[in-house]
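Please look through the sequence and the coordinates shown here before reading on. The paragraphs that follow lead through the model one region at a time.

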Amino acid sequence: MLSSILTTSLLFAGAAFAAQASSASSSSSPTVVCVAGQCLEGYTNTTIGATLSASGAATSLLLLPGQYTSTTDPALLHNLLTSSSASLALSPGFEGNTSLPLNLALQPGVAIYPQASYSGQATFAELPSKPSNSTLKISPGSLALASNVWVAISDSSNDRVIFWDSVPDVSQLPSGASGLSQLLDIQSSACSPPCAGAGVCSASGTCVCPTGFNGTSCETCAPGFFGPSCQACPADCATCDDRMTGSGRCLQPVIKNAPSTCNCLNGVCNSDGSCTCNAGWTAGTNGTACAKCAAGFFLNSDGNCEVCGLGCTQCADGNGQCITCKAGFTQNANDQTQCFAAQSTTSTGTVCPDGSFSNGTSCQPCSPLCQTCSGPTSSDCIICGAGKYTLNGNCVGASGNGVCDGSSLVADNNKHECDTCPSKCTTCQYPSFNVASTIDQVQCTGCLPGFVLSQGKCVESCPTGTFLDPKDNVTCTACDSSCSTCAGSSTFCLTCANNQLASGGKCVASCPSNTFSSSGQCITCHPDCATCSGSAFNQCSSCPADRPVLTNGRCLPTCSQGQFFDKTSSTCQSCDASCSSCSGAGPSNCLACSSSSQVLRGGTCVSASCNGTSSVISGLGICLSDLVFVPPPSGTSSKSPLPSLTGIDSPISNSNTTVVKRSLQWWEILLMALGCAFIFVCFLMCWRRRMRKRRAAATATFAAAKNLDHSKSWRYRLVRFGERLFGHKKSQRWMVPPEHAEDIRMEKLRAAEEARYGHDVEKLRRESSMRTDRDLEKLIGAYEYSRAGSSRAPSPLPSLRDYDGDRHSHKASSHGSPRARVANDLAQESLYSQVTGQPRRAPEPRQPVRNAADLLPSRFSNTTYSSWLTPDPTPGTGPQVHAAPTPAQEYARSVTQLVQPESPPQRGAYWLQPANTGGSRNPFLR
């Protein structure tokens, strides 16, 4: 396997690189060797990586493994990487092209170089696709490994040495790992858990299973495969003793031409797809062939179609009682399964004896084949003679096995007829037939496809203690006395008698090595195990040499990276801290170094001490200065001076850095537009929600102030529903609680009394001559309400109460513009507001005042108050008459009110009680 891989990989190398490698080995011309960020010019034999060249370039570059981008220093490397004519010549095992970024890495596998420092023509062995026990002889000078790959190589002591990292110089390995001679195994470490011995871990981290293996780790055989190597069951076997612990013996052969293939039940399929039914069967009502009993047959309790009794053309299923008798036959009263013929008589009334029939005038003898008859021929027999049986109206004989002549039916001595075989039999017979044989002695000799023959019956499978004879795949044969169950032959035991154990088909007293006992059998361990406690791959007790590491019941080929296998304790031990991987304990058995500033020298990790500005190359374990020989400037070296190259040490400038700008794709623009629209919609929804909350808070505050929050009342919700349903709009109705009306009236009287006593009565007397003019002015002022912006003169009286912000306030302001006073007058309650429920839209007219001396008493009497300020009469007390009080009475009442503490009036106390006017169409308000 490995040999074929290596042959293929050798062809992988390009001709251009081969020429470059041969020239490098001679070290006749200088070469520029580069890693990402640094280039070094000198002489080298290294061939690992790829050669980068471009038309018009001063020189070509040898690129070591790593990642290169359009911004990689130095300028010389950058110019060639970004050149439009750049080309790559790859070393064996490397893949890539000139597109950036360039990830120059070894493919999964190992590259074997004949010389140290990765020099010479490489041989590449790729990661195999399936397990192989073949080995390959090698003589490496250095090894380059891909990431997540380990290799097993035998040393001079034929011990397995596991390598996880590249080795720049095999001669620097510890003494215990010297003399590498054979490549034993290559595997990937990317799989977790590790694959079983049959599986191969791919670079993607999945186990690749060979044909026949199954499971996530390829730990078991697929159905239809058996044994440690998962071989396929025999081709003509539908079921065999499969799985890894199976023997592969056929348990059930392939059923050819099964009845189900042609929609048949009790018959044999023909080559044209039709079905030939067994005797007594015909097509069922659902279209299935051979699914019910034909005419003249009935279905008995065993599922077989039996022939009806003599003289019966139709009989019932189950008991076989005759339903219809032939013409001239009568049902037997004692045995309803039979019909008997009427006795034959002559014209004179003479009864003909058995063996004769009446021809009308006399009795004539029957045919020699008949016992009773209705005519002279053998086809007129009612009951056939001795040794003869009725078949399709004729009397036929029977063979020595009881089979009726010319048919597959068997003779029934009780019915004197030829009867059918059992339903699943294609042929049947008597073991020893005579006149005393009964139908229950019939045995099958052939079965329908899918059934096997066991003790004269057709069954679906062989019973315990028997096996299917591979000679005909029909007959069940008894196992040997030493076997409880067997397969393939009578002596190949699957289980044994006498408390013995079956091992490899034989009965033994104890299980051999590499097996364990279970259910009377010695079951083979998993191929990964040497000994085990169960059949699973994680039930190992000890491990074979090629998988020596026992971990959690599993046998693995190697310890993890950073560990080595200790043969003394058969366990994995940790490497020294300075080692990335090792072959033994201590700092002198390192195979690779864990520090990036150290290199391997004689199995020990020491400081790299790279010359100049070079450093240890990641993944190669060697300094760049160790790969390239740079002649000293003194000229003492035999090498010719190096040519001067521009940009080998200088970093790339900003002018050389090209920023590639690309236009946005349509889907990117659409995505950004949708994102902006989504953000705008979210902002709009949040703003709308905030505004609704503010409006709701303001509405709640207003409703609380006006005592309008009736939303929790079911009556309120019912009324509002009716208004929405019938289109009636809510109206504002004002009410004045009766208990506060008297307080308002008395407060007005008190204010009027104070104003009246404050007037200068003497001034009124002196101005008596002007009374007529003032009355006229007041009369004219009262009727100026119809002119826009006009109103009455300001009242000298103070306001009764200040209800700011209320559109139905009782405040009568004496300040402000005439337009504002008119608007305030229009907002006053009136009789119109009480009746309609709507605010007044014009000033309320007043009666003209004719006597100035009666101004104060008359303006504040009970008769001049609006009707809505007068409390309702108490029910049952009758109508009340309010007489105008005298000034003395008013004064006395005001003094009494001053003595008592006053409570501030309630807001909304002047509202009216709602009254049903009968004009609404809302049924919930009625």
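## A walk through the predicted model

Ile 112 stands opposite Thr 123 in S10. This pair belongs to the contact between strand S9 (residues 109-113) and S10, which pair in the antiparallel sense over four bridges, and it offers a convenient way into a model that, it should be said at once, is predicted. The two strands are part of an open sheet of three strands, ordered S10-S9-S12 and paired in the antiparallel sense. Strand S10 (123-126) and strand S12 (142-145) stand at the edges of this sheet, and because each has a single partner strand, one side of each is left without a neighbour in the sheet. On average, and with direction ignored, neighbouring strands here are turned by 20° against each other.

The loop between strand S11 (136-137) and S12 holds Pro 140. With a relative accessibility of 13%, Pro 140 counts as buried, since the cut-off for that class is under 20%. Leaving aside residues up to four places away in sequence, Pro 140 touches Ile 112, Tyr 113, Pro 114, Val 170 and Leu 180, so that Ile 112, met above opposite Thr 123, returns here as a contact of the loop. Pro 140 and Gln 182 are 42 residues apart along the chain, and their C-alpha atoms are separated by 9.9 Å.

Further along the chain comes strand S13 (residues 149-154), which is mostly covered, with six of its six residues buried. Val 149, Val 151 and Ile 153 point one way from S13, whereas Trp 150, Ala 152 and Ser 154 point the other way, and all of them are buried. In a regular strand the side chains alternate between the two faces of the sheet. S13 has an antiparallel partner in strand S15 (residues 182-188), to which six bridges join it, and within this pairing Ala 152 stands opposite Asp 185. S13 also pairs with strand S14 (residues 160-163), again in the antiparallel sense, over four bridges, with Arg 160 in S14 as the bridge partner of Ser 154. S13 and S14 form a hairpin with five residues between them, and in its turn Asn 158 has a positive phi of about 60°.

The nonpolar packing can be followed next. The largest nonpolar core has 68 residues, of which Leu 61, Leu 63, Leu 77, Val 110, Phe 163, Leu 173 and Leu 183 touch the most other members. In soluble globular proteins, nonpolar side chains tend to be buried together. Leu 173 touches Phe 163, Val 167, Leu 180, Leu 591, Leu 600, Gly 602 and Gly 603, if residues up to four places away in sequence are not counted. Apart from this core lies another, of 21 residues, among them Val 396, Leu 409, Tyr 430 and Phe 451.

Toward lower residue numbers there is an open sheet of five strands, with the order S2-S1-S4-S3-S6 and mixed pairing. Strand S2 (38-42) and strand S6 (87-90) stand at the edges, and as each has a single partner strand, one side of each is left without a neighbour in the sheet. The twist averages 30° from one strand to the next. Four bridges join strand S3 (residues 50-53) to S6, the two running antiparallel, and Leu 52 stands opposite Leu 88 in S6.

Gly 66 is placed in strand S5 (residues 66-68), and its relative accessibility of 24% makes it count as partly exposed. Not counting residues up to four places away in sequence, Gly 66 touches Leu 102, Asn 103 and Leu 104. Between Gly 66 and Ala 105 there are 6.4 Å in space, C-alpha to C-alpha, although the two are 39 residues apart in sequence.

Helix H5 (residues 666-705) gives a check on regular geometry: at 1.5 Å a residue its 40 residues should span 58 Å, and its end C-alpha atoms are 59 Å apart, which agrees. Glu 668, Met 691 and Ala 703 are buried in H5, and just after the helix Asn 707 takes a positive phi of about 55°.

For the protein chain as a whole, there are 13 helices and 63 strands, and buried residues make up 37% of the 926 residues. Among contacts between residues at least 6 apart in sequence, 42% join residues at least 24 apart. The accessible surface comes to about 51,200 Å², of which 53% belongs to carbon and sulfur atoms.

How values were computed:
Residues are numbered from 1 along each chain as its sequence is written. This is a predicted model: local features need pLDDT of at least 70, side-chain atom pairs count only at pLDDT 80 or more; totals for chains, interfaces and linings use all residues. Side-chain values use heavy atoms; hydrogens and water are left out. A nonpolar core is a set of buried Ala, Val, Leu, Ile, Met, Phe, Trp, Tyr and Cys residues joined through side-chain atoms within 4.5 Å. Buried means under 20% relative accessible area, exposed over 50%, partly exposed in between (1.4 Å probe, protein chains only). Contact means heavy atoms within 4.5 Å. Two strands pair if DSSP finds at least two bridges between them. Axes are lines fitted to C-alpha atoms, for helices over the stretch in contact, and angles run from 0 to 180 degrees between N-to-C directions. Accessible areas come from the Shrake-Rupley method with a 1.4 Å probe; for residues, only the protein chains shown count as cover. The expected span of a helix is 1.5 Å times one less than its number of residues.
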